[in-house]
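Okay, thanks for coming, everyone. I'll put the structure up and walk you through a few spots in it.

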Amino acid sequence: MSIKINHELPLPEVLKSQYPLSQELKEVKKQRDEEIRRIFTGESDKFIVLVGPCSADNEDTVCEYVRRLKTVADKVSDKLMIIPRVYTNKPRTTGDGYKGMLHQPDPDKAPDLLAGIIAIRKMHMRVMQETGLSSADEMLYPENRSYLDDILSYEAVGARSVENQQHRLTASGMDIPVGMKNPTSGDLSVMLNSVTAAQHPHHFIYRGCDVETSGNDLAHTILRGGVNQYGQTIPNYHYEDLMHLAALYAKKDLKNPAVVVDANHSNSNKQYKEQIRIVTEVLHSRNYNPDLKKLVKGVMIESYLLEGRQDISDHMTPGCSITDPCLGWEDTERLIYDIAEKC
(Lines give C-alpha, C1' and ligand atoms only; values in the text may rest on other atoms or scores of the structure.)
Protein backbone atom coordinates (compact mmCIF):
# COMPACT_ATOMS: atom_id res chain seq x y z
CA MET A 1 0.00 0.00 0.00
CA SER A 2 1.25 3.50 -0.75
CA ILE A 3 -0.04 7.04 -0.41
CA LYS A 4 1.26 9.79 -2.62
CA ILE A 5 1.01 13.33 -1.26
CA ASN A 6 0.38 15.66 -4.19
CA HIS A 7 0.55 18.90 -2.19
CA GLU A 8 -0.60 20.34 1.10
CA LEU A 9 -3.96 22.10 1.11
CA PRO A 10 -4.33 25.54 2.71
CA LEU A 11 -5.74 25.72 6.20
CA PRO A 12 -9.41 26.76 6.34
CA GLU A 13 -8.59 30.13 7.92
CA VAL A 14 -6.15 30.85 5.09
CA LEU A 15 -8.68 30.02 2.38
CA LYS A 16 -11.37 32.05 4.17
CA SER A 17 -9.05 35.06 4.24
CA GLN A 18 -8.43 34.68 0.50
CA TYR A 19 -12.14 34.30 -0.27
CA PRO A 20 -13.83 36.17 2.58
CA LEU A 21 -17.51 36.50 3.28
CA SER A 22 -18.52 40.16 3.23
CA GLN A 23 -20.08 41.75 6.29
CA GLU A 24 -23.32 42.08 4.33
CA LEU A 25 -23.43 38.34 3.60
CA LYS A 26 -22.50 37.52 7.20
CA GLU A 27 -25.61 39.43 8.26
CA VAL A 28 -27.73 37.63 5.64
CA LYS A 29 -26.59 34.26 6.96
CA LYS A 30 -27.11 35.30 10.58
CA GLN A 31 -30.71 36.28 9.90
CA ARG A 32 -31.37 33.11 7.92
CA ASP A 33 -29.83 30.96 10.66
CA GLU A 34 -31.99 32.60 13.30
CA GLU A 35 -35.16 32.02 11.29
CA ILE A 36 -34.27 28.38 10.61
CA ARG A 37 -33.51 27.86 14.32
CA ARG A 38 -36.95 29.19 15.25
CA ILE A 39 -38.54 26.57 12.99
CA PHE A 40 -36.67 23.69 14.62
CA THR A 41 -37.40 24.94 18.13
CA GLY A 42 -41.10 25.33 17.34
CA GLU A 43 -41.19 29.12 17.70
CA SER A 44 -42.05 29.43 13.99
CA ASP A 45 -44.54 27.24 12.14
CA LYS A 46 -42.95 27.75 8.73
CA PHE A 47 -42.27 24.60 6.73
CA ILE A 48 -38.78 23.89 5.40
CA VAL A 49 -38.19 22.92 1.79
CA LEU A 50 -34.64 21.74 1.06
CA VAL A 51 -34.54 21.62 -2.71
CA GLY A 52 -31.93 21.47 -5.43
CA PRO A 53 -29.75 19.19 -7.55
CA CYS A 54 -28.64 15.75 -6.47
CA SER A 55 -25.14 17.13 -6.99
CA ALA A 56 -24.15 20.73 -7.73
CA ASP A 57 -21.96 20.13 -10.77
CA ASN A 58 -21.70 23.56 -12.42
CA GLU A 59 -21.60 27.00 -10.81
CA ASP A 60 -23.48 28.85 -13.54
CA THR A 61 -26.37 26.40 -13.78
CA VAL A 62 -26.64 26.06 -10.00
CA CYS A 63 -26.82 29.84 -9.66
CA GLU A 64 -29.40 30.03 -12.45
CA TYR A 65 -31.45 27.41 -10.59
CA VAL A 66 -31.22 29.26 -7.26
CA ARG A 67 -32.14 32.59 -8.90
CA ARG A 68 -35.36 30.96 -10.09
CA LEU A 69 -35.81 29.46 -6.64
CA LYS A 70 -35.44 32.90 -5.06
CA THR A 71 -38.34 34.27 -7.15
CA VAL A 72 -40.58 31.49 -5.87
CA ALA A 73 -39.23 31.72 -2.30
CA ASP A 74 -40.19 35.39 -2.09
CA LYS A 75 -43.80 34.55 -3.03
CA VAL A 76 -44.18 31.85 -0.35
CA SER A 77 -42.01 33.36 2.39
CA ASP A 78 -44.96 33.64 4.77
CA LYS A 79 -45.37 29.85 4.76
CA LEU A 80 -42.10 28.28 3.68
CA MET A 81 -38.39 28.50 4.42
CA ILE A 82 -36.63 27.58 1.18
CA ILE A 83 -33.09 26.27 1.63
CA PRO A 84 -31.22 25.61 -1.63
CA ARG A 85 -29.68 22.18 -1.77
CA VAL A 86 -26.14 22.87 -3.05
CA TYR A 87 -24.43 19.52 -2.53
CA THR A 88 -20.76 19.63 -3.49
CA ASN A 89 -19.66 16.19 -2.20
CA LYS A 90 -21.17 13.06 -3.72
CA PRO A 91 -20.90 9.75 -1.84
CA ARG A 92 -20.26 6.76 -4.09
CA THR A 93 -21.32 3.33 -2.85
CA THR A 94 -18.48 1.52 -4.67
CA GLY A 95 -16.03 4.44 -4.69
CA ASP A 96 -16.35 4.83 -8.46
CA GLY A 97 -17.86 7.71 -10.40
CA TYR A 98 -18.22 11.46 -10.06
CA LYS A 99 -17.60 12.54 -6.46
CA GLY A 100 -18.80 16.11 -6.75
CA MET A 101 -17.26 19.54 -7.32
CA LEU A 102 -15.00 19.18 -4.30
CA HIS A 103 -13.11 16.46 -6.17
CA GLN A 104 -13.75 17.56 -9.75
CA PRO A 105 -14.69 21.20 -10.31
CA ASP A 106 -14.87 20.18 -13.96
CA PRO A 107 -16.68 16.79 -14.14
CA ASP A 108 -14.87 15.59 -17.25
CA LYS A 109 -11.36 16.42 -15.98
CA ALA A 110 -9.06 14.79 -13.44
CA PRO A 111 -9.63 15.38 -9.71
CA ASP A 112 -8.13 18.58 -8.27
CA LEU A 113 -8.97 19.04 -4.60
CA LEU A 114 -7.41 22.47 -4.17
CA ALA A 115 -9.31 23.83 -7.16
CA GLY A 116 -12.38 22.00 -5.87
CA ILE A 117 -12.27 23.55 -2.40
CA ILE A 118 -11.94 27.00 -3.93
CA ALA A 119 -14.71 26.30 -6.46
CA ILE A 120 -17.26 25.14 -3.89
CA ARG A 121 -16.56 28.04 -1.54
CA LYS A 122 -16.93 30.55 -4.39
CA MET A 123 -20.15 28.87 -5.58
CA HIS A 124 -21.79 28.91 -2.15
CA MET A 125 -20.81 32.56 -1.76
CA ARG A 126 -22.14 33.45 -5.21
CA VAL A 127 -25.46 31.75 -4.43
CA MET A 128 -25.84 33.90 -1.33
CA GLN A 129 -24.61 37.07 -3.06
CA GLU A 130 -27.04 36.75 -5.98
CA THR A 131 -30.12 35.52 -4.09
CA GLY A 132 -29.77 36.15 -0.37
CA LEU A 133 -30.37 32.43 0.21
CA SER A 134 -27.83 30.59 2.34
CA SER A 135 -27.65 26.94 1.38
CA ALA A 136 -27.37 23.33 2.52
CA ASP A 137 -24.59 20.85 1.81
CA GLU A 138 -23.74 17.33 2.90
CA MET A 139 -21.02 16.72 5.48
CA LEU A 140 -19.39 13.87 3.59
CA TYR A 141 -15.93 14.62 4.99
CA PRO A 142 -16.01 16.09 8.53
CA GLU A 143 -12.53 17.65 8.23
CA ASN A 144 -13.56 19.58 5.10
CA ARG A 145 -16.57 21.42 6.53
CA SER A 146 -14.24 24.00 8.10
CA TYR A 147 -13.84 25.49 4.62
CA LEU A 148 -17.60 26.23 4.51
CA ASP A 149 -18.74 26.53 8.12
CA ASP A 150 -19.19 30.30 7.85
CA ILE A 151 -21.44 29.94 4.79
CA LEU A 152 -23.82 27.01 5.26
CA SER A 153 -27.16 27.19 7.06
CA TYR A 154 -27.92 23.47 7.04
CA GLU A 155 -25.92 20.27 6.79
CA ALA A 156 -26.87 16.63 6.35
CA VAL A 157 -25.06 13.46 7.32
CA GLY A 158 -25.74 10.80 4.72
CA ALA A 159 -26.94 7.24 5.04
CA ARG A 160 -23.43 5.81 4.63
CA SER A 161 -21.87 8.19 7.16
CA VAL A 162 -24.44 8.29 9.95
CA GLU A 163 -22.78 5.51 11.97
CA ASN A 164 -19.35 7.12 11.76
CA GLN A 165 -18.12 8.47 15.09
CA GLN A 166 -16.25 11.43 13.60
CA HIS A 167 -19.38 12.64 11.79
CA ARG A 168 -21.42 12.43 14.98
CA LEU A 169 -18.84 14.23 17.10
CA THR A 170 -18.25 16.94 14.49
CA ALA A 171 -22.00 17.52 14.27
CA SER A 172 -22.04 18.11 18.03
CA GLY A 173 -19.92 21.21 17.51
CA MET A 174 -22.06 22.81 14.81
CA ASP A 175 -24.31 25.81 15.45
CA ILE A 176 -26.72 25.10 12.59
CA PRO A 177 -29.23 22.26 12.08
CA VAL A 178 -27.68 18.95 11.09
CA GLY A 179 -29.92 16.23 9.72
CA MET A 180 -28.98 12.60 10.39
CA LYS A 181 -30.29 10.24 7.71
CA ASN A 182 -31.35 6.71 8.49
CA PRO A 183 -28.73 4.26 7.19
CA THR A 184 -29.26 2.35 3.95
CA SER A 185 -30.52 -0.58 6.04
CA GLY A 186 -33.41 1.62 7.20
CA ASP A 187 -32.59 1.07 10.89
CA LEU A 188 -34.13 4.02 12.75
CA SER A 189 -32.28 3.24 15.99
CA VAL A 190 -28.96 3.99 14.27
CA MET A 191 -30.28 7.36 13.11
CA LEU A 192 -31.61 8.25 16.58
CA ASN A 193 -28.38 7.16 18.24
CA SER A 194 -26.57 9.52 15.89
CA VAL A 195 -28.88 12.38 16.88
CA THR A 196 -28.31 11.57 20.55
CA ALA A 197 -24.54 11.65 20.08
CA ALA A 198 -24.72 14.95 18.15
CA GLN A 199 -26.80 16.59 20.86
CA HIS A 200 -24.28 15.77 23.59
CA PRO A 201 -20.93 17.47 24.31
CA HIS A 202 -17.75 15.66 23.34
CA HIS A 203 -13.97 15.83 23.64
CA PHE A 204 -12.05 14.50 20.62
CA ILE A 205 -9.40 15.08 17.94
CA TYR A 206 -10.40 17.34 15.05
CA ARG A 207 -8.00 18.51 12.33
CA GLY A 208 -5.05 17.63 14.56
CA CYS A 209 -6.38 19.58 17.56
CA ASP A 210 -7.75 18.58 20.95
CA VAL A 211 -11.29 20.03 20.86
CA GLU A 212 -14.42 20.14 23.00
CA THR A 213 -17.99 20.67 21.82
CA SER A 214 -21.11 21.74 23.69
CA GLY A 215 -23.65 19.64 21.72
CA ASN A 216 -26.00 20.62 18.92
CA ASP A 217 -29.61 20.98 20.06
CA LEU A 218 -30.75 21.25 16.42
CA ALA A 219 -29.55 17.76 15.42
CA HIS A 220 -32.54 15.89 13.99
CA THR A 221 -33.59 12.98 11.78
CA ILE A 222 -34.01 12.57 8.03
CA LEU A 223 -36.09 9.70 6.66
CA ARG A 224 -34.80 8.58 3.25
CA GLY A 225 -36.07 5.01 2.99
CA GLY A 226 -33.93 1.89 3.13
CA VAL A 227 -32.98 -1.31 1.34
CA ASN A 228 -33.63 -4.78 2.76
CA GLN A 229 -31.39 -7.84 2.57
CA TYR A 230 -32.78 -8.69 -0.85
CA GLY A 231 -31.96 -5.29 -2.33
CA GLN A 232 -35.59 -4.17 -2.32
CA THR A 233 -36.31 -0.55 -1.41
CA ILE A 234 -38.42 0.01 1.69
CA PRO A 235 -39.92 3.52 1.93
CA ASN A 236 -40.43 5.13 5.34
CA TYR A 237 -42.46 8.26 4.60
CA HIS A 238 -45.94 6.79 5.16
CA TYR A 239 -48.19 7.83 8.05
CA GLU A 240 -47.36 4.67 10.03
CA ASP A 241 -43.64 5.31 9.60
CA LEU A 242 -43.96 8.87 10.85
CA MET A 243 -46.00 7.75 13.84
CA HIS A 244 -43.43 5.06 14.63
CA LEU A 245 -40.67 7.66 14.59
CA ALA A 246 -42.76 9.92 16.84
CA ALA A 247 -43.10 7.05 19.31
CA LEU A 248 -39.35 6.40 19.24
CA TYR A 249 -38.67 10.08 19.85
CA ALA A 250 -41.08 10.01 22.82
CA LYS A 251 -38.91 7.37 24.49
CA LYS A 252 -35.78 9.50 24.24
CA ASP A 253 -34.79 12.66 26.04
CA LEU A 254 -33.87 14.66 22.95
CA LYS A 255 -34.15 18.38 22.35
CA ASN A 256 -36.32 19.78 19.57
CA PRO A 257 -37.65 16.50 18.10
CA ALA A 258 -37.86 16.94 14.34
CA VAL A 259 -37.79 15.04 11.07
CA VAL A 260 -37.24 16.07 7.47
CA VAL A 261 -38.56 13.62 4.87
CA ASP A 262 -36.29 12.98 1.90
CA ALA A 263 -38.70 12.36 -0.99
CA ASN A 264 -36.11 10.77 -3.28
CA HIS A 265 -33.48 8.05 -2.78
CA SER A 266 -34.99 4.85 -1.34
CA ASN A 267 -38.29 6.55 -0.61
CA SER A 268 -38.93 7.00 -4.33
CA ASN A 269 -36.65 4.19 -5.55
CA LYS A 270 -35.05 7.08 -7.50
CA GLN A 271 -38.23 7.46 -9.56
CA TYR A 272 -37.89 11.23 -9.47
CA LYS A 273 -41.48 12.06 -10.47
CA GLU A 274 -42.68 10.12 -7.43
CA GLN A 275 -41.35 12.93 -5.25
CA ILE A 276 -44.46 14.96 -6.09
CA ARG A 277 -46.79 12.26 -4.77
CA ILE A 278 -44.59 11.51 -1.75
CA VAL A 279 -44.46 15.15 -0.64
CA THR A 280 -48.24 15.40 -1.03
CA GLU A 281 -48.73 12.33 1.16
CA VAL A 282 -46.37 13.68 3.82
CA LEU A 283 -48.30 16.94 3.94
CA HIS A 284 -51.58 15.01 4.25
CA SER A 285 -50.21 12.97 7.18
CA ARG A 286 -48.93 16.13 8.79
CA ASN A 287 -52.28 17.89 8.49
CA TYR A 288 -54.17 14.82 9.72
CA ASN A 289 -52.29 14.53 13.01
CA PRO A 290 -51.30 17.57 15.15
CA ASP A 291 -48.38 15.63 16.66
CA LEU A 292 -46.94 15.02 13.20
CA LYS A 293 -47.47 18.66 12.28
CA LYS A 294 -45.07 19.51 15.10
CA LEU A 295 -42.61 16.74 14.32
CA VAL A 296 -42.34 16.95 10.52
CA LYS A 297 -40.45 20.18 9.92
CA GLY A 298 -39.78 19.86 6.21
CA VAL A 299 -39.09 17.88 3.07
CA MET A 300 -36.04 17.34 0.90
CA ILE A 301 -36.48 17.30 -2.89
CA GLU A 302 -33.97 16.61 -5.66
CA SER A 303 -34.59 19.05 -8.48
CA TYR A 304 -32.66 20.81 -11.25
CA LEU A 305 -33.33 22.97 -14.29
CA LEU A 306 -34.08 19.93 -16.48
CA GLU A 307 -35.68 16.68 -15.40
CA GLY A 308 -33.97 13.30 -15.37
CA ARG A 309 -30.24 12.67 -15.60
CA GLN A 310 -27.43 12.29 -18.11
CA ASP A 311 -24.05 10.60 -18.32
CA ILE A 312 -20.85 12.63 -18.24
CA SER A 313 -19.72 13.22 -21.81
CA ASP A 314 -18.36 15.90 -24.12
CA HIS A 315 -21.88 16.99 -25.10
CA MET A 316 -23.70 17.40 -21.78
CA THR A 317 -26.84 19.53 -21.46
CA PRO A 318 -26.39 22.24 -18.80
CA GLY A 319 -28.81 21.98 -15.90
CA CYS A 320 -29.46 18.22 -16.16
CA SER A 321 -28.18 16.02 -13.34
CA ILE A 322 -25.10 13.88 -13.87
CA THR A 323 -25.84 11.79 -10.77
CA ASP A 324 -29.34 10.79 -9.59
CA PRO A 325 -32.36 11.87 -11.68
CA CYS A 326 -34.11 15.05 -10.56
CA LEU A 327 -37.43 16.82 -11.01
CA GLY A 328 -37.36 19.53 -13.66
CA TRP A 329 -37.96 23.18 -12.88
CA GLU A 330 -41.59 23.40 -14.02
CA ASP A 331 -42.66 20.49 -11.78
CA THR A 332 -40.59 21.91 -8.92
CA GLU A 333 -42.17 25.33 -9.13
CA ARG A 334 -45.69 23.86 -9.11
CA LEU A 335 -44.79 21.58 -6.22
CA ILE A 336 -43.44 24.41 -4.07
CA TYR A 337 -46.62 26.45 -4.56
CA ASP A 338 -48.66 23.34 -3.72
CA ILE A 339 -46.65 22.82 -0.53
CA ALA A 340 -47.30 26.42 0.49
CA GLU A 341 -51.04 25.90 0.05
CA LYS A 342 -51.19 22.61 1.96
CA CYS A 343 -48.67 23.00 4.77
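I'll go through a helix pair, then the nonpolar cores, then one glutamate. Keep in mind that this is a predicted model.

So, the helix pair. Helix 8 covers residues 274-288 and helix 10 covers residues 329-342, and their axes come within 11 Å, crossing at roughly 5 degrees. With an angle under 35 degrees counting as roughly parallel, helix 8 and helix 10 are therefore roughly parallel to each other. Who's in the contact? On the helix 8 side you've got Ile276, Val279, Thr280, Leu283 and Asn287, and they meet Asp331, Leu335, Asp338, Ile339 and Lys342 of helix 10. By class, that's 5 nonpolar, 2 polar and 3 charged residues.

Hang on to Ile339, since that name comes back in the core. The largest nonpolar core has 80 residues, and Ile339 is among those with the most contacts inside it, along with Phe47, Val49, Leu80, Met180, Val299 and Ile301. Helix 4, residues 113-131, gives this core its largest share, 8 residues. Now look at Val299: leaving aside residues up to four places away in sequence, Val299 touches Ile339, Val279 and Val282, and also Phe47, Ile48, Val49, Leu50, Val260 and Val261. There's a second, separate core too, with 16 residues, including Ile36, Leu218, Ile222 and Val260.

Last stop, back on helix 4: Glu130. Is Glu130 buried, exposed or partly exposed? Partly exposed, at a relative accessible area of 37%. The Glu130 side chain makes a 2.8 Å polar contact with that of Arg126. Beyond four places in sequence, Glu130 touches Cys63 and Arg67. And Asp112, 18 residues away along the chain, has its C-alpha 26 Å from that of Glu130.

How values were computed. Residues are numbered from 1 along each chain as its sequence is written. This is a predicted model: local features need pLDDT of at least 70, side-chain atom pairs count only at pLDDT 80 or more; totals for chains, interfaces and linings use all residues. Side-chain values use heavy atoms; hydrogens and water are left out. Axes are lines fitted to C-alpha atoms, for helices over the stretch in contact, and angles run from 0 to 180 degrees between N-to-C directions. Helices (H or I, at least four residues) and strands (E, at least two) are DSSP runs, numbered from the N terminus. Angles under 35 degrees count as roughly parallel, over 145 as roughly antiparallel, 65 to 115 as roughly perpendicular and the rest as oblique. Contact means heavy atoms within 4.5 Å. Ala, Val, Leu, Ile, Met, Phe, Trp, Tyr, Cys and Pro count as nonpolar, Asp, Glu, Lys and Arg as charged, and the others, Gly among them, as polar. A nonpolar core is a set of buried Ala, Val, Leu, Ile, Met, Phe, Trp, Tyr and Cys residues joined through side-chain atoms within 4.5 Å. Buried means under 20% relative accessible area, exposed over 50%, partly exposed in between (1.4 Å probe, protein chains only). A polar contact is a pair of N or O atoms within 3.5 Å; within protein, one must be able to donate a hydrogen and the other to accept it, and residues adjacent in sequence count only if both atoms are side-chain atoms.
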